[in-house]
Each structure stands twice: as C-alpha cells, then as structure tokens.
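Colleague: I should like to learn how to read the main features of a model, beginning with its ligand site. Could we proceed one feature at a time?

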Amino acid sequence: MQMYDLIMKKRNGSRLSKDEIDFFVNGYTRGEIPDYQVSALMMAIFFRGMDKEETVDLTMAMAGSGEVLDLSNIPGIKCDKHSTGGVGDKTTLALIPMVVACGARVAKMSGRGLGHTGGTIDKLESFPGFSTSISDKHFMDQVNTIGVSVMGQTVDLAPADKKLYALRDVTATVDNMSLIASSIMSKKLASGADAIVLDVKCGSGAFMKTFDDAKALATAMVDIGKGAGRRTMAVISDMDQPLGRAVGNAIEVREAIDTLHGKGPDDFTKLCYELGSRMLLMSDVCTGLDEAKDKLSEAISSGKALDTLAAFVKAQGGDESYVYDPMKLKVADRVTEIKADRDGFVSHIECDEIGMVSLTLGGGRVTKESEIDLSVGLILDKKVGDQVAKGDTIARIYASDPEKEKAAIARFEGTYTYSDTKPGSRGIILGSVD
Ligand code: URA
C-alpha cells in the first residue's frame, strides 16, 4: 500500500477502506509516513469528507493506537461526560458529585489542555493538596469505595490523535466534522467508559456556531459511540454567552459549590440536571428522566451531593473543609466593577472575548508550559436578557497583577451589546441526539 495512492483516492472523492485507514494511522503514529503526505490527506478529507463507516474506522484506529484503559475491575456501568468546550464551563465539578450521590460511577481520566481557563484538573487543584497523580490501584479502589475518581493522563491514550490534531492545527484542517468527531471519540473510547454523555456546545463561544453544525457533530459522535458498543447520547447546549456567571478557576469552583447548595445560576443548574439525568438513565440508576431529575434534586437538598464532592476531594489528598467553606478558596483581591454605559437590556455578550479576558488575567494557558493563576477571573452580574440602568455593575474583574488587570479591562470593552427591548432567549438546552 502506498500513501500516494490513498491521497489521490481521497482527492478524487472515493472512500477509504478500513485497511487503508489503519495503514496511514499506524504508519503516521510510528513515524513512518511524513507530515507532508498526511497533511495532504487531511486536506483531501477536509474537502471530500468521510462517510459514517470511514469515520468509525478512523476513530477505532486512533483509539487503538495507544493504551486502552481496562476498567473491568470496577463492577457496574462506568459513565463519563464530555463537553466540546466553552467559556465558564465548570459542569464536571457540580455534575459529577450530583450523579455519584445518586449511585452512578465515574472513573475519569483528564488532561490539562489549553484554553481561556484551566481544565477540570486545574480547577480541582484550587483545593489545597488535591492531586490527580494517583496510582492505577488508588484510582480503581476509589471508584469502588466512593464512586468517583479523576486521574491525570498518565498513559498514552490515542497517540495517533495527538499527532494528527497537532498537524491539523497548523494545516487549517481542524474544523471538519468527521475529523473532530473521531478525534474526540477516540480519546473517550480509549479511556474505557461504558456510557458516554456528550455536551455539544453551540454558539459564538463554541466550535460549532450553528445548530445544524452542532447537531451534525453530535450525531456523528453518537454514531461512533454506538458503533463501538458504548451507550452514547448527546445534549446540544447554548454557548452564545458564557455558562453561569463565573469565568476563571477558583471562582468557578465557588459557583459549582453554590450549585450543589441549590443556589447556582439557572442556566448552569438546568444543564447539570439535563446531563445528570441522562447519565443516571444510561447507568441504569433510573428508568425515566423525571425520576432521575427528582433523584438529583434530592441529592442536592439532602446535602448528599455536597458531601460527595467533599469525600472526593479528601480521597485525592485535598482539604475538604474548602467544600464546606468555599470563601476559603483563594480569589484575587483586586476587583474592578464594570458599569453599563446606557439604559436598556443586555442583548449579546461576545462569548469568546470574555474567555480572552480571563486568559489575559492569567487564568488560562497559552502554551502547555504556561502557569495558571487559579485566583483570577470574572463574574458576569448581568447576562443576556437582563435589564440594566446606566451605571449598574455588569461584571466584576478579579485580578492579581495590575498590568494584566489593565489589559483585561481594555479587552472587556465592547463585549456587551444592549437593546431597547428585551431580546428573546433560546434557553440553555437546544436539543439532544439519542
Ligand atoms: N477537540 C478535540 O479533541 N479534537 C478536535 O478535533 C477538536 C476539538
């Protein structure tokens, strides 16, 4: 088999066989096929696309290119959730304690990643002492005893995806549906969960700007998961404005804890119930969505969800007293209140730009080596649809460095748009794919 023939075949619009896909994925992972030939193939795929079968074959080849986690020592259904990413997305921090308190089991392997804020692991490290550097045995035992464990990525999951994603990033071939779906799902399949709930974000702050594109991505990923024998479903949720009110790290942890007290922002709480009820259903903990939502509500009102977060933090070396007293979480003390410059209604918030404000403050990583400042971030006091009077505080910026604070305030400028009449709202849940 020759790489040249595969490139030409795809360039001319034909489909690739499973053997051909295995050939280029394995050859590239081993370093036997050069970047320039794989770049050409990626570009041909970008323009010609891949059908359902090719997409599944690509996913399976990438998932099998490294270690595949064996969670069979943990009895029962292990459930996982994946978000395609957005601004203010602290969902895992509240959702996981909620579902685990109801009887679901979550064994999660996470990486740190780049972005406006840190990933889940960074946010969890706001609890002093919390560590995801735990042994495989600790990881498995902890799921068996308290129902949840999160481990830093130690094994080489889907190394083919790592190489291909890096190549796509510099060859303008990231935003192809089949390539995104197979990239995300290869890592999910390799990390061993039996059931996967996907949160596909849609809007100006997401990869997928339109509902049709988000639905197509959700459908492609659900097809892959099911094709690989995993229970899989997707929720499509709004990311036209940041999720909840907090954007940052420790500040988002505080908001997640508020939510476990039943005092979280409406949009975020609703999303946790939607995803959580699906996770309980797929874990066979409940048989209907209404029953699952009642169970989640009971886990919050009884304090069981909060206690589950405390047990989880403690089991991984963290100080659980912070769960019960979140004001102890360090948040930067230089606070700037941003004021509305007119009367009206908030009609739009530039979601990506709010993320960039957090990044400017030092709350996210620009490169893998960047150090994150967990204490910085912002609170959006006003969101789309809220009425404001000139001079009202619309947001508060929490900074620890005067220069970064200045740059963040400048970056914030123009992120809010106002209208004279109340804009319509499409709500947080836009659809689902089962
Ligand atoms: N996230 C991934 O992991 N892969 C993609 O291709 C896009 C987003």
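Modeller: The ligand site, one helix and several single residues are taken in turn below. This is a predicted model, in which local features need pLDDT of at least 70 and side-chain atom pairs count only at pLDDT 80 or more, while totals for chains, interfaces and linings use all residues. Residues are numbered from 1 along each chain as its sequence is written, and side-chain values use heavy atoms, with hydrogens and water left out.

Colleague: Which residues are around the ligand?

Modeller: A residue is near a molecule if one of its heavy atoms lies within 4 Å of it. Here the residues around the ligand are Tyr-165, Arg-168, Ile-180, Ser-183, Ile-184, Lys-187 and Phe-207. By class, this shell has 4 nonpolar, 1 polar and 2 charged residues; Ala, Val, Leu, Ile, Met, Phe, Trp, Tyr, Cys and Pro count as nonpolar, Asp, Glu, Lys and Arg as charged, and the others, Gly among them, as polar.

Colleague: Which helices each supply at least two residues of the shell?

Modeller: Helices (H or I, at least four residues) and strands (E, at least two) are DSSP runs, numbered from the N terminus. Helix H8 (159-169) and helix H9 (177-190) each supply at least two shell residues, and H9 gives the most, with 4 residues.

Colleague: What polar atoms of the side chains lie by the ligand?

Modeller: A polar contact is a pair of N or O atoms within 3.5 Å; within protein, one must be able to donate a hydrogen and the other to accept it, and residues adjacent in sequence count only if both atoms are side-chain atoms. An N or O atom in the side chain of Arg-168 is 2.9 Å from an oxygen atom of the ligand. For nitrogen atoms of the ligand, the distance is 3.5 Å to a polar side-chain atom of Tyr-165 and 2.6 Å to an N or O atom in the side chain of Ser-183. Of the 240 Å² of accessible area that the ligand has on its own, the protein covers 88% (Shrake-Rupley method, 1.4 Å probe; for residues, only the protein chains shown count as cover).

Colleague: How should one read the two sides of a helix?

Modeller: An α-helix has 3.6 residues a turn, so residues three or four places apart point the same way. Buried means under 20% relative accessible area, exposed over 50%, and partly exposed in between (1.4 Å probe, protein chains only). In H13, the buried residues are Ala-292, Leu-296, Ala-299 and Ile-300. They cover an arc of only 100° around the axis, which puts them on the same side of H13; the arc is that of the directions from the helix axis to the C-beta atoms. Asp-290, Asp-294 and Ser-301 are exposed on the other side of H13.

Colleague: Is Asp-80 buried or exposed?

Modeller: Asp-80, in strand E1 (residues 79-83), counts as buried because its relative accessibility is 2%. Its side chain is joined to that of Lys-188 by a polar contact of 3.0 Å.

Colleague: Where do residues other than glycine have a positive phi?

Modeller: Most residues other than glycine have a negative phi. Ala-172, however, has a positive phi near 55°; Ala-172 lies in the loop between H8 and H9 and counts as exposed at 56% relative accessibility. Asp-284 has a positive phi near 60°, and is found in the loop between helix H12 (266-282) and H13.
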